[in-house]
Each structure stands twice: as C-alpha cells, then as structure tokens.
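Please walk through this structure with attention to how its side chains meet one another and to which of them are covered or open.

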Amino acid sequence: MAFSFDIKLLITITAVLVVLLLRWGLVATIRKQSDYFTDRQRWWISLVKNVSTALILAMLFVVWAPEVEKFALSITAVAVAVVIATKELLLCVSGAIWRGASRAFSVGDWIEVAGHSGEVIEESLFSTTLQELDPTDFELTGRTIWLPNSQFVTNPVVNQNFRKRFIF
C-alpha cells in the first residue's frame, strides 16, 4: 500500500494503542480470576503479552517495510562506496610499501607499468609521477603521468634503467 508518511504514522500509533489496550484488558481479566496466580494464569498472561508483541512487530513490518527497504538500500549504497574507496586506498598504500620494500625502481629510473613508460620524477604514498617516454625512440614527450601505487600490485613493473645508460 502506498500511503503517505502521515497516514502511516497515524495507522501505526492507532494500531499500537489498540493492541496495547486489548493486551491490558486481557491481562486484567486473567488477573481478576483469583488473588494468587496459578501456573495456568501465568501461562495465559505470558501468551497474551507475547502474542501482542508479535502482533505489533508484524504490523510495524507490514506498514513500514517499503521505507525500511529504501533506507537499507541507501545504507548499502553508502557501505559499498566506502568499501570501494577503502580498497583503493589500501591498494595504493600496499603498492607504496611494495615499491619501497622491493626497491624495484627509484627516482630517475625509467620504468614501464601497464603500458605507460617514463622516467620516475616523484614518489609518494598514494602515487608515482612519471615523465612520459616515447617507447619507440626513448625521448621525453613532455607529458606527465600520475600512476596510483595500486598499479604496482596488479601489474608487472619493467625497470628500463639499463637502456638509459646506453642511449645518447
């Protein structure tokens, strides 16, 4: 049912009050039967309270399910975005740790990663900056490439530093 928020709130309050009044009336009727509670009276009181609570929860679920679904979907979307952003940050940091621990290259080396080749001009925690090299004649193109350090975790790194020594 597609009711407005105000109507749903009114239905909820009314239904909860009706169920609570019925519960109170039934429990009062059971308690009036004797001054001392028997096991049977305690069982009926417990049953009335449990059924009324279940009835209220079922009614709340039926009335508010679409809103809860929308809310859960929005929370899920935010959670997925946070997970993806955190994953990328962790990959960048682990790529920086790999780069530092393996000493695969340093500033001034010529490297090739994921089809990009260039001279390393700067290294940071999240990215590495390359001055792009033309792979055919090994001349600088003038363009700058910023590679996220996550590329070092997912792609092979070719250190072309030996070519630098032999090309004039």
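The paragraphs below follow the surface, the charged pairs, the aromatic rings, one threonine and two backbone angles.

The model is a predicted one, and a convenient starting point is helix H1, which spans residues 5-31 and includes Phe-5. Phe-5 joins Leu-9, Ile-13 and Leu-17 in a nonpolar patch on the surface, and together these residues have about 380 Å² of accessible area.

Charged side chains come next. Side chains of opposite charge can pair when their charged atoms come close. A search of the whole structure finds four salt bridges, one of which joins Lys-8 to Glu-67, with the closest N and O atoms 2.7 Å apart. This pair links distant parts of the chain, since Lys-8 belongs to helix H1 and Glu-67 to helix H2, 59 residues apart. Lys-8 has a relative accessible area of 2% and therefore counts as buried, whereas Glu-67, at 26%, is partly exposed.

Another salt bridge connects the side chains of Arg-42 and Asp-39, at 2.8 Å from N to O. Here both residues lie in helix H2, three residues apart, or about one turn of the helix. Arg-42 is partly exposed at 45% relative accessibility, while Asp-39, with a relative accessible area of 62%, is exposed. Arg-143 and Glu-132 also form a salt bridge, their closest N and O atoms being 2.6 Å apart. That pair again links distant parts of the chain, with Arg-143 in strand S4 (residues 140-148) and Glu-132 in strand S3, 11 residues apart. Of these two partners, Arg-143 is exposed at 54%, but Glu-132 is buried at 14%.

The aromatic side chains can be read in a similar way, and the whole structure contains three aromatic pairs. Trp-43 and Trp-44 make an edge-to-face pair, with 5.1 Å from centre to centre and 85° between the planes. Both rings belong to partly exposed residues, given relative accessible areas of 45% for Trp-43 and 37% for Trp-44. The pair of Trp-98 and Phe-152 is stacked, because the ring planes meet at 25° and the ring centres lie 6.2 Å apart. It bridges distant parts of the chain, from Trp-98 in helix H2 (residues 39-102) to Phe-152 in helix H3 (residues 151-154), 54 residues apart. Trp-98 is partly exposed at 34% relative accessibility, and Phe-152 is buried at 4%. Together with Phe-105, Trp-98 and Phe-152 make up one aromatic cluster.

Which residues surround Thr-128? Leaving aside residues up to four places away in sequence, Thr-128 touches several residues, including Phe-105 and Phe-152, as well as Arg-99, Val-120, Ile-145 and Asn-149. Thr-128 itself lies in strand S3 (residues 127-133), and with 0% relative accessibility it counts as buried. Its side chain has a polar contact of 3.3 Å with the side chain of Arg-99 and another, of 2.9 Å, with that of Asn-149.

Finally, two loop residues deserve a look at their backbone. Arg-103, in the loop between H2 and strand S1 (110-113), has a phi near 50°, a positive value in a residue other than glycine; the residue is exposed, with a relative accessible area of 73%. Ala-114, in the loop between S1 and strand S2 (116-123), likewise has a positive phi of about 50° although it is not a glycine, and Ala-114 is partly exposed at 41%.

Technical notes. Residues numbered from 1 in each chain as written. Predicted model: local features only at pLDDT ≥ 70, side-chain atom pairs only at ≥ 80, totals over all residues. Heavy atoms only, no water. Patch = residues over 30% accessible without salt bridge, like charges linked within 9 Å, V, L, I, M, F, W, Y side chains within 5 Å. Areas by Shrake-Rupley, 256 points an atom, 1.4 Å probe, with all protein chains shown as cover. Helix = DSSP H or I, 4+ residues; strand = E, 2+ residues; numbered from the N terminus. Phe/Tyr/Trp six-rings, centres within 6.5 Å; stacked < 30°, edge-to-face > 60°. Buried < 20%, exposed > 50% of the residue type's maximum accessible area, 1.4 Å probe, protein only. Polar contact = N/O pair within 3.5 Å; in protein donor to acceptor, adjacent residues only side chain to side chain. Contact = heavy atoms within 4.5 Å.
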